[in-house]
Amino acid sequence: MIPQQLSNNILMVRPVSFGYNSETGNTNAFQKKIDQLSELEIQNSVLQEFDQMVEQLRNAGIQVMVIQDNKEQTRPDAIFPNNWISFHSDGTLITYPMQSLNRRFERREDIISEIEKNFKVERRFSLEIFEDKEQYLEGTGSMIFDNVHRIIYACLSPRTDIQVLQHLASLINYSVFFFYAKDENGVDIYHTNVMMALGKDFVVICLDSVVGEKQSELIDLFKESNKEIIAISFDQMNHFAGNMLQLIAANGDPILVMSQSAFDSLLPSQLSQLTAKTKLLIVNIPTIETIGGGSARCMMAEIFLNRK
């Protein structure tokens, strides 16, 4: 089987209790409160942004499985399912250890059952056992998978533990390239997918955030794996220009999904580099980005499993 970098199927979770998560705010510098809006106003804005994004994706030829969140537990970050689950082309399903206690409620067996009704799951790795050791690895937030070259890229942080990372790599037979990344204030970047997005033949990355000699090693590895580098600034990263995801439509067209904030931050030269390689799909999700501290990529969990 030829490994696929891009998926046509994604999972998204429609929230019922979205809000500022104080448990994650100390490690996510992107989160901000919007005090002038009530909880109801925030929820209504978020649902409008979410539903519009789903409609845009489906109109572009992406298969979107939408699961409704429920009120059995309060899950302020349920809208970001890529942190707790991933689905792989060899039939593997992986669930992940989460740092925040209230985010662990996002792992729902009923969602996994719904996936298994529609897709072939051959094996499951449950890495949440590492939570007992206070070791975390938050899915494709913590990691960027190069499926073609079987490389995992990861910036280490309180949410991305090297031992769990290496354990996973051994389970799925990938190599690991890890590094440290800090924002312009010297604060650890909490997730790799806010500073880096890997496409089929390009990478969008805030190279300035990468600490030490790993920066030049990264550049060499991207060149070896035929990825054109599109370097973004700290300011662009802060506008979620690193939080993009390339998908593939049913007709074979590659589509790069990004937020309006990310798009607006890009220079004409950067847009030219991207549009030479992929179509762009721009989604407007300002409430989700501001309060949740995550953007378009975080809202989508790719499904590489084969359909039944």
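This is a short talk on the cores, one helix, the salt bridges and the cavities of the structure above.

Please keep in mind that the model is predicted.

I will start with the nonpolar cores. In soluble globular proteins, nonpolar side chains tend to be buried together. Here the largest such core counts 35 residues. Within this core, the residues with the most contacts are Tyr153, Met195 and Met196. Seven elements are worth pointing at on the screen, and I will take them in sequence order. Strands E7 (151-155), E8 (175-179), E9 (196-198) and E10 (202-205) are among the elements that each supply at least two residues of the core. Helix H5 (214-224), strand E13 (254-259) and helix H8 (268-275) also supply at least two each. The largest share is that of E10, with 4 residues. There is also a second, separate core of 26 residues, and Ile10, Ile79, Val283 and Ile291 are included in it.

Back to the largest core for one residue. What does Tyr153 touch, leaving aside residues up to four places away in sequence? Its contacts include Ser142, Met143, Ile144 and Asp146, then Phe177, Thr192, Met196 and Leu198. Tyr153 also touches Leu218, Leu221, Phe222 and Ser225.

Three of those names bring us to helix H5. Leu218, Leu221 and Phe222 are buried residues of H5. Looking down the helix axis, the buried residues of H5 fall within an arc of 100°, so they line one face of the helix. Which elements do these buried residues pack against? They pack against E7, E8, E9, E10 and strand E11 (228-231). On the face of H5 turned away from the buried side sit Lys223 and Glu224, both exposed. Just past the end of H5, Asn226 has a positive phi of about 60°.

Next, charge pairs. Side chains of opposite charge can pair when their charged atoms come close. The count for this model is 17 salt bridges. I will go through three of them and one network.

The first pair is Arg103 with Glu106, at 2.7 Å from N to O. Are these two residues buried or exposed? Arg103 and Glu106 are both buried.

The second pair is Glu228 with Lys277, whose closest N and O atoms are 3.3 Å apart. Glu228 is in strand E11, while Lys277 is in the loop between H8 and strand E14 (279-283), so this salt bridge ties together parts that are 49 residues apart in sequence. Glu228 has a relative accessibility of 30% and counts as partly exposed. Lys277 is partly exposed as well, at 26%.

The third pair is Arg297 with Glu302, at 2.5 Å from N to O. Arg297 counts as buried, with 5% relative accessibility. Glu302 is buried too, at 12%. As for the network, Asp69, Arg108 and Asp110 are joined into one by salt bridges that share partners.

Last, the empty space inside. Rolling a probe the size of a water molecule over the atoms shows where empty space is left. Over the whole structure, 3 cavities of 30 Å³ or more are found. The largest has a volume of about 250 Å³. Which residues lie nearest the centre of this cavity? They are Thr140, Phe145, Leu245, Arg297 and Glu302, out of 20 lining residues. Two or more lining residues come from each of E3 (85-87), E6 (144-146), E9, E12 (245-248) and E15 (301-303), which are strands. Arg297 and Glu302, the salt-bridged pair from before, are thus part of this lining.

Key:
Residues are numbered from 1 along each chain as its sequence is written. This is a predicted model: local features need pLDDT of at least 70, side-chain atom pairs count only at pLDDT 80 or more; totals for chains, interfaces and linings use all residues. Side-chain values use heavy atoms; hydrogens and water are left out. A nonpolar core is a set of buried Ala, Val, Leu, Ile, Met, Phe, Trp, Tyr and Cys residues joined through side-chain atoms within 4.5 Å. Buried means under 20% relative accessible area, exposed over 50%, partly exposed in between (1.4 Å probe, protein chains only). Contact means heavy atoms within 4.5 Å. The arc is that of the directions from the helix axis to the C-beta atoms. A salt bridge is a side-chain nitrogen of Lys or Arg within 4 Å of a carboxyl oxygen of Asp or Glu. On a 1 Å grid over the protein atoms alone, a cavity is a set of points where a 1.4 Å probe fits but cannot get out, and a pocket is an open set with protein on both sides within 12 Å along at least five of seven lines; lining residues have an atom within 4 Å of a point. Grid points are joined across faces, edges and corners, and a volume is the space filled by probe spheres set on the points.
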